[in-house]
Amino acid sequence: IGREVAMPVDGVSAATRIVGEHTLSFASDKTALGKLPAGEYNLLVEAAREGGGREVVKVPFVWGSKDGKAQVVQGSHELGAISVQVKP
């Protein structure tokens, strides 16, 4: 549905990335995030391996926060530390 999906989407899926640190950035002025109401949200990150383990990590964060502090949650077996930082 890639070309036909209407924004904003409620989930993004892809093949598991290789081991290592990964960074994703989203600018609120260039996406539908700019219309997202301020409030409390959760980022869910899932790793599922074919014939292997599965883990879901939930990171709570506040959209519209002015402090810019990163929220960090540590995975236990498939994922490492997951952090979300909302910059004012």
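## A predicted four-strand chain

Strands S1 and S2 run antiparallel and are joined by 10 bridges. The model is predicted, and this pairing is a convenient place to begin reading it. S1 and S2 form a hairpin, with five residues between the two strands. Gly51 lies in the turn of this hairpin and has a positive phi of about 70°. Across the pair, Val45 stands opposite Val57 of S2.

The hairpin belongs to a chain with four strands and zero helices. Read from the N terminus, the order of elements is β-β-β-β. The chain has 88 residues, and buried residues make up 15% of them. Among contacts between residues at least 6 apart in sequence, 27% join residues that are at least 24 apart.

S2, which spans residues 54–63, has two faces. Its side chains alternate along the strand. Glu55, Val57, Val59, Phe61 and Trp63 point to one face and are buried. Arg54, Val56, Lys58, Pro60 and Val62 point to the other face and are not buried.

The buried face leads to the nonpolar core. The largest nonpolar core has nine residues: Ala47, Val57, Val59, Phe61, Trp63, Leu79, Ile82, Val84 and Val86. S2 and strand S4 (81–84) each supply at least two residues of this core. The largest share, four residues, comes from S2. Val86, one of the core residues, touches Phe61, Val62, Trp63, Gly64, Ser65 and Gly68 when residues up to four places away in sequence are not counted.

Phe61 also takes part in an aromatic pair. The chain has one such pair by the rule used here. The ring centres of Tyr41 and Phe61 are 6.1 Å apart and the ring planes meet at 25°, so the pair counts as stacked; the cut-off for that label is an angle under 30 degrees. Because Tyr41 lies in strand S1 and Phe61 in strand S2, the pair ties together parts that are 20 residues apart in sequence. Tyr41 is partly exposed, with a relative accessible area of 26%. Phe61 counts as buried, at 15% relative accessibility.

Glu55 is a charged residue on the buried face, so what does its side chain lie beside? 

Glu55 counts as buried at 7% relative accessibility. The backbone nitrogen of Ser76 lies 2.5 Å from a polar atom of the Glu55 side chain. The backbone nitrogen of Leu79 lies 2.9 Å from a polar atom of that side chain. Leaving aside neighbours within four places in sequence, Glu55 is in contact with Val45, Glu46, Ala47, Gly75, Ser76, His77, Glu78 and Leu79. Two of these contacts, Ala47 and Leu79, are also members of the largest nonpolar core.

Arg54, beside Glu55 in the numbering, points to the other face of S2. Which residue forms a salt bridge with Arg54? The partner is Glu46, and the closest N and O atoms of the two residues are 2.6 Å apart. The count of salt bridges comes to one. Arg54 is exposed, with a relative accessible area of 54%, and Glu46 is partly exposed, with a value of 47%. Glu46 is also among the residues in contact with Glu55.

After S2 comes a loop that leads to strand S3 (71–74), and Ser65 lies in this loop. Is Ser65 buried or exposed? Ser65 is buried, with a relative accessible area of 18%; the cut-off for buried is under 20%. A polar contact of 2.8 Å joins the side chains of Ser65 and Asp67. With neighbours within four places in sequence left aside, Ser65 is in contact with Val86 and Pro88. The contact with Val86 links this loop residue to a member of the largest nonpolar core.

The last stop is the segment before strand S1 (39–48), where Ala27 has its place. Ala27 is partly exposed, with a relative accessible area of 36%. Ala27 and Lys87 are 60 residues apart in sequence, and their C-alpha atoms are 9.8 Å apart in space.

How values were computed: Residues are numbered from 1 along each chain as its sequence is written. This is a predicted model: local features need pLDDT of at least 70, side-chain atom pairs count only at pLDDT 80 or more; totals for chains, interfaces and linings use all residues. Side-chain values use heavy atoms; hydrogens and water are left out. A salt bridge is a side-chain nitrogen of Lys or Arg within 4 Å of a carboxyl oxygen of Asp or Glu. Buried means under 20% relative accessible area, exposed over 50%, partly exposed in between (1.4 Å probe, protein chains only). A polar contact is a pair of N or O atoms within 3.5 Å; within protein, one must be able to donate a hydrogen and the other to accept it, and residues adjacent in sequence count only if both atoms are side-chain atoms. Contact means heavy atoms within 4.5 Å. A nonpolar core is a set of buried Ala, Val, Leu, Ile, Met, Phe, Trp, Tyr and Cys residues joined through side-chain atoms within 4.5 Å. Two strands pair if DSSP finds at least two bridges between them. Rings of Phe, Tyr and Trp (its six-membered ring) pair if their centres lie within 6.5 Å; planes under 30 degrees apart count as stacked, over 60 as edge-to-face and the rest as tilted.
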